[in-house]
Amino acid sequence: MNRIPIGRKLYLSVLAVFLVYTVSFIVFQQLREKQYKIGVLGSRLQDYNERLHDYLMLTGKTDEATLNAYVAQSRQNALRVTLIDRKGHVFFDSERKDYEHIANHAKRTEFIEAVSKGQGSVVERNSSTTNRDYFYSATYFPHEGYVVRSALPYNNSLAKALRADQHFIWFSLVATAILIFLLYRFTSRLGSNISKLRVFAWRADHNASLEVEDLAEFPDDELGEIAERIIKLYKTLQDTRQEQSTLKRQLTQNVAHELKTPVASIQGYLETILNNTDIDEAMREQFLRRCYAQSERLTSLLHDISTLNRMDDAPQVKDFEQVNLSLMVDSLSQELALQIKQRGMKFVNEMPQSVIVNGNKGLLYSVFRNLMDNAIAYAGENTTMTLKAERQGAFWHFAFMDNGVGVPSAHLDRLFERFYRVDKGRSRKMGGTGLGLAIVKNAVKLHGGTIKASNNPTGGLRLDFTLKA
């Protein structure tokens with residue numbers, strides 16, 4: 001069963017409410033205007049009744065001749081005037097003079113209202129006396145004990161005069177038509193956007209391609225812009241997931257490859273020892289030391305992989321604190337003093353006395369430790385490492401450089417890739433895991449900074465990076 005689109009439902013619902021409101025408003029306005037005109041006409045007749053009464057009081061006469069003369073001089077065309085006593089007997093009527101044959105008016109609506117409220121009126125009531133429809137307006141004068149009633153024939157002319165202005169109806173209908181058209185345009189665009197989002201949701205749920213005509217273009221409005229951004233974000237997320245999946249697959253392959261070498265070496269040495277019981281003690285010790293060295297390499301590799309995984313799984317590190325990098329680097333130089341001396345190298349620390357950043361102490365330690373380990377391993381003997389720092393606004397800018405062999409330009413952009421090595425054989429021989437600079441890059445990034453590698457004009461590798469203060 002086909003469901004009515006939500007845009008159509010919204011249009012029909014709002015249209016129904018709007019039409020009910022419009023019709024109700026027009027009817028209310030028509031009735032209100034008609035009541036106003038009736039009120040105005042009633043007031044005019046009430047005023048006539050008051051003036052007739054004042055005239056009678058002034059002359060002190062209520063005879064037929066006096067009343068006929070007053071009514072005759074009135075400029076009201078077809079005006080009928082009737083005087084009725086307190087008991088409902090007619091003692092004057094401008095149109096009928098056979099008063100003995102005129103029925104008692106005590107039960108006439110306008111008479112009852114006038115006696116009880118002082119004034120009374122009725123629109124379009126048939127007169128049993130003249131058999132015509134009239135607009136009646138009656139006024140009761142209690143001191144004199146009579147009711148003065150004036151009436152106008154309710155003919156086409158009077159009905160037209162009391163009818164509400166039809167221009168308002170036409171204006172309302174035209175305005176309503178315009179608003180209905182605008183409502184249709186709005187709900188049509190809204191329904192189109194929602195339908196496209198529905199197509200997007202279905203295709204996304206079923207892992208179908210989003211490169212379809214229905215999702216190619218959205219209406220040029222706010223909702224269309226939001227819908228386009230949602231789809232773009234989803235596509236970006238899909239691409240990111242695919243990239244992450246590819247990276248994880250590559251990482252798994254690289255990890256397996258990196259683990260294979262030390263595991264194979266350990267297995268080979270141990271197998272040699274087990275299969276040759278008569279091996280001399282010196283050779284056994286040598287093989288065991290090599291096994292230990294390979295196990296240390298495995299430990300370093302697993303530690304680096306664990307560090308990278310922690311940074312990938314928790315990109316927003318929360319346990320930040322004020323870290324004094326000057327003291328950290330001084331402590332690191334002391335830790336690595338023996339290795340630096342063995343390589344005939346020097347470490348020149350040109351950092352200011354108090355470089356403090358807000359960050360994760362463990363990750364910041366890994367940044368400087370990996371930079372120094374990398375230089376010790378690959379810069380070459382009898383070289384110098386130099387570390388500089390300068391405050392620029394909200395960031396500390398660092399430069400770590402050596403005057404060693406440097407890196408071929410073709411490899412600079414890939415130095416921070418996981419397991420990437422410029423010289424694979426030499427790297428493994430030096431015991432590197434291929435993850436040091438990848439850890440440095442991720443840690444710097446987590447601290448809101450950037451890092452890039454370049455070669456010094458005078459030789460050696462230079463790493464420039466920033467950390468938020």
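Two strands count as paired if DSSP finds at least two bridges between them. Keep that in mind for the first stop, where Trp396 stands opposite Leu467 in S12. One caution before you start clicking: this is a predicted model.

**The whole chain**

Start zoomed out, with the cartoon on. The protein chain has twelve helices and twelve strands. Of its 469 residues, 38% count as buried. Show the surface and you are looking at about 28300 Å² of exposed area, with carbon and sulfur atoms supplying 54% of it. Now think about contacts between residues at least 6 apart in sequence: 64% of them join residues at least 24 apart.

**Stop 1: strand S12 and its partners**

Select residues 461-468, which make up strand S12. Is this strand enclosed or not? Six of its eight residues are buried, so S12 is largely enclosed by the rest of the structure.

Next, add residues 395-402, strand S10. S10 and S12 run antiparallel and are joined by seven bridges. Show Trp396 and Leu467 as sticks to see the facing pair mentioned at the start.

Then add residues 451-455 for strand S11, another antiparallel partner of S12, this time over five bridges. Here the pair to pick out is Ser454, which stands opposite Arg462 in S12. S11 and S12 form a hairpin with five residues between the strands. Click on Gly459 in that hairpin: its phi is positive, near 110°.

While Arg462 is on screen, show Asp464 too. These two form a salt bridge, with the closest N and O atoms 2.8 Å apart. Arg462 has 26% relative accessibility, so it counts as partly exposed.

**Stop 2: the largest nonpolar core**

Stay in this area and select Leu325, Phe368, Met385, Phe398 and Phe465. The largest nonpolar core has 42 residues, and these five touch the most other members. Which elements build this core? Helix H8 (325-335), helix H10 (361-378), strand S9 (384-392), S10, helix H12 (436-446), S11 and S12 each supply at least two residues. H10 gives the most, with eight residues. Apart from this core lies another, of 27 residues; Tyr48, Leu52, Ile84 and Tyr146 are among them.

Now centre on Phe398 and show its surroundings. Leaving out residues up to four places away in sequence, Phe398 touches Leu325, Met351, Val355, Phe368, Lys388, Ala389, Leu463, Asp464, Phe465 and Leu467. You have already met Asp464 as the salt-bridge partner of Arg462, and Leu467 as the residue opposite Trp396.

**Stop 3: salt bridges on H10 and elsewhere**

How many salt bridges does a search of the whole structure find? Twelve. Select Glu64 and Lys97 for one of them, with N to O at 2.6 Å. Glu64 is in helix H2 (residues 64-73), while Lys97 is in the loop between strand S2 (90-93) and helix H3 (109-117), so the pair ties together parts that are 33 residues apart in sequence. Glu64 is partly exposed at 28% relative accessibility, and Lys97 is also partly exposed, at 38%.

Back on helix H10, pick Arg369 and Asp373. Their salt bridge has its closest N and O atoms 3.0 Å apart. The two residues are four apart in the helix, so about one helical turn separates them. Asp373 is partly exposed, with a relative accessible area of 26%, and Arg369 is partly exposed at 23%. Add Glu335 to the selection and you have a network of salt bridges linking Glu335, Arg369 and Asp373.

**Stop 4: helix H5**

Finish with residues 166-205, helix H5. Val174 lies in this helix, and so does Thr176. Are they buried or exposed to the surface? Thr176 counts as buried, because its relative accessibility is 8% and the cut-off for buried is under 20%. Show what Thr176 touches: Phe18, Leu19 and Thr22, not counting residues up to four places away in sequence.

Val174 belongs to the surface story instead. Select it together with Ile178, Leu179, Phe181 and Leu182, and you have a nonpolar patch on the surface. Together these residues have about 480 Å² of accessible area.

Note on methods:
Residues numbered from 1 in each chain as written. Predicted model: local features only at pLDDT ≥ 70, side-chain atom pairs only at ≥ 80, totals over all residues. Heavy atoms only, no water. Buried < 20%, exposed > 50% of the residue type's maximum accessible area, 1.4 Å probe, protein only. Contact = heavy atoms within 4.5 Å. Areas by Shrake-Rupley, 256 points an atom, 1.4 Å probe, with all protein chains shown as cover. Patch = residues over 30% accessible without salt bridge, like charges linked within 9 Å, V, L, I, M, F, W, Y side chains within 5 Å. Salt bridge = Lys/Arg side-chain N within 4 Å of Asp/Glu carboxyl O. Core = buried A, V, L, I, M, F, W, Y, C linked by side-chain atoms within 4.5 Å.
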